[in-house]
Amino acid sequence: MKILITGGAGFIGSHLISLFVSKYQQHQIFNLDALTYAGNLENLKDVEGELNYSFILGDIIDQGFINALFKKHQFDAVIHLAAESHVDRSIKDPLAFARTNILGTLNLLNAAREFWNDDLKDKLFYHVSTDEVYGTLGETGLFTETTAYDPNSPYSASKASSDHFVRAYGETYGLPYVISNCSNNYGPNQFPEKLIPLFINNIINNKPLPVYGDGNYTRDWLYVIDHARAIDLVFHKGKTKDTYNIGGFNEWKNIDLVTLLCQQMDEKLARPKGSSEKLITYVKDRPGHDLRYAIDASKIKKELGWEPSVTFEEGLSKTIDWYLENTEWLEHVTSGAYQEYYKKQYL
Ligand code: NAD
Ligand code: TYD
């Protein structure tokens, strides 16, 4: 099989590529990535010399380029992760999210439709999406696969739109697809703009920890390798034209998560207890901030036998260890443009 994975130089994509390249030596894995600020080939050092792996630099916004790529390589399947992925950036520049997340997805769908048209057998368009398309929950309840879409941020609206297009291409043109909607991921290789790696980096550098609003927002957290395992299962065993919710059965209020992170960091950095917590600073809330996300992942558990493999405490500890061991990676990604972003967002 020739599998095109988009966004493979990013956080989740890099873990998925590593898993697929090592596990499926008989498959040819192509990684298409535009290497935006979030894409980093340092994330793929373990696979770069492998015979069943190729990197392609390119932008999914470019329909001509995408068509030529399908023609040249005759992909059998697509696993689509390339996206603009950070809510705060989507608030500042919604159009960039419409371009990559909506138009880019449409371009891939068009290419798949055109090149697979005569032979859809054993073809698959796998669209990787987020639980944020469901909007926000109150204090109780869980998102299931049938929860109505109700996105609140430009990011989630663009992902919701792309999900709808994927489903529409399935219904209208018979394109075989599968979608998964996952909760918040954490782990190695995550760009330090998202909560956990941002706060790890700030603690290392004794910088304030900017908690939005009162910190009582809730997210369901999943270790990134468990997400990659879930994608593998859905790709190989999931029903086509279906959706799977993926989650960690692991809800945390932001402030409780940050407190746990601070405690683990103090221990690992051999700093006096309470030093990291002193860095917590409550800042202006994010506009349209969703109160709570929580996933009911019972379908993927029941149908495909998937479950998270690590507890949150273990996953968080492994994640911190990775960032402490990879200071060079952190230095590379936090130089240059990152400083500008940080100033605009927080200072
Ligand atoms: P990321 O921001 O770390 O990586 C995105 C990758 O896409 C980068 O390598 C970037 O260079 C590439 N990219 C961006 N625009 C592109 C374009 N126009 N053409 C080609 N490549 C482009 O994102 P992530 O956190 O790894 O998320 C991957 C996917 O999973 C996204 O679709 C996201 O919506 C979804 N998702 C993420 C989470 C999460 O918690 N991070 C949770 C659920 C779903
Ligand atoms: P984030 O990692 O951006 O993921 P998402 O918004 O997609 O869930 O944020 C996770 C939670 O942490 C969210 O409720 C917003 C909050 N947050 C802060 O309090 N401060 C920050 O600096 C960031 C980046 C996030």
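**Exercise 1. Work out how ligand 2 is held, starting from its polar contacts.**

Solution. Let us begin with the backbone: a polar backbone atom of Tyr212 is 2.8 Å from an oxygen atom of ligand 2. Please keep in mind that this is a predicted model.

Step 1. Turn to the side chains. An N or O atom in the side chain of Asn254 is 2.9 Å from an oxygen atom of ligand 2. For the side chain of Tyr346, the distance from an N or O atom to an oxygen atom of the ligand is 2.6 Å. With a cut-off of 3.5 Å for a pair of N or O atoms, the Tyr346 pair at 2.6 Å counts as a polar contact.

Step 2. Ask how much of the ligand is covered. On its own, ligand 2 has 510 Å² of accessible area, and the protein covers 97% of this.

Step 3. Widen the view to the shell. Ligand 2 is surrounded by 20 residues, and Glu132, Arg219, Arg286, His289 and Tyr346 are the closest. Sorted by class, the shell holds 10 nonpolar, 4 polar and 6 charged residues.

Step 4. Place the shell on the fold. At least two shell residues come from each of helix H3 (87–92), helix H6 (195–204) and strand S8 (209–212).

**Exercise 2. Do the same for ligand 1, and find which element gives the most to its shell.**

Solution. Step 1. List the surroundings. There are 28 residues around ligand 1, with Asp33, Asp59, Ser85, Tyr155 and Lys159 the closest. The shell divides into 13 nonpolar, 12 polar and 3 charged residues.

Step 2. Look at the polar pairs. One nitrogen contact goes to the backbone: a polar backbone atom of Ala34 is 3.1 Å away from a nitrogen atom of the ligand. The side chain of Asp59 has an N or O atom 2.8 Å from a nitrogen atom of ligand 1. At Lys159, an N or O atom of the side chain is 2.6 Å from an oxygen atom of the ligand.

Step 3. Check the cover. Of the 830 Å² of accessible area that ligand 1 has on its own, the protein covers 97%.

Step 4. Find the elements. Helix H1 (11–23), strand S5 (124–130), helix H5 (154–173) and strand S7 (184–186) are the elements giving two or more residues to this shell. S5 gives the most, with 3 residues.

**Exercise 3. Trace the 7-stranded open sheet and the helices that lie across it.**

Solution. Step 1. Write down the order. The 7 strands of this open sheet run S3-S2-S1-S4-S5-S6-S10, and their pairing is parallel. Strand S3 (53–57) and strand S10 (242–246) are the edges, each pairing on one side only. From one strand to the next, the twist averages 20°.

Step 2. Zoom in on one pair. Strand S2 (residues 28–33) pairs with S3 in the parallel sense over 5 bridges. Within this pair, Asn31 stands opposite Phe55 in S3.

Step 3. Add the helices. Helix H4 (residues 94–116) lies across strand S1 (2–6), strand S4 (77–80) and S5, at about 165° to S5. Helix H7 (residues 224–237) lies across S1, S4, S5, strand S6 (177–182) and S10, and runs at about 145° to S5.

**Exercise 4. Describe the 3-stranded open sheet and say at what angle H7 runs to S9.**

Solution. Step 1. Set out the strands. The order is S7-S9-S11, with mixed pairing. S7 and strand S11 (251–253) are the edge strands, each paired on one side only. Neighbouring strands are turned by 50° against each other on average, direction ignored.

Step 2. Pick out the antiparallel pair. Strand S9 (residues 218–223) and S11 pair in the antiparallel sense over 3 bridges. Here Asp220 stands opposite Glu251 in S11.

Step 3. Bring back the helix. H7 lies across S7 and S9, and the angle to S9 is about 70°. This is the helix that also lies across S1, S4, S5, S6 and S10 in the 7-stranded sheet.

Technical notes. Residues are numbered from 1 along each chain as its sequence is written. Chains are lettered from A and ligands numbered from 1 in the order in which they are written. This is a predicted model: local features need pLDDT of at least 70, side-chain atom pairs count only at pLDDT 80 or more; totals for chains, interfaces and linings use all residues. Side-chain values use heavy atoms; hydrogens and water are left out. A residue is near a molecule or strand if one of its heavy atoms lies within 4 Å of it. A polar contact is a pair of N or O atoms within 3.5 Å; within protein, one must be able to donate a hydrogen and the other to accept it, and residues adjacent in sequence count only if both atoms are side-chain atoms. Accessible areas come from the Shrake-Rupley method with a 1.4 Å probe; for residues, only the protein chains shown count as cover. Helices (H or I, at least four residues) and strands (E, at least two) are DSSP runs, numbered from the N terminus. Ala, Val, Leu, Ile, Met, Phe, Trp, Tyr, Cys and Pro count as nonpolar, Asp, Glu, Lys and Arg as charged, and the others, Gly among them, as polar. Two strands pair if DSSP finds at least two bridges between them. Axes are lines fitted to C-alpha atoms, for helices over the stretch in contact, and angles run from 0 to 180 degrees between N-to-C directions. Contact means heavy atoms within 4.5 Å.
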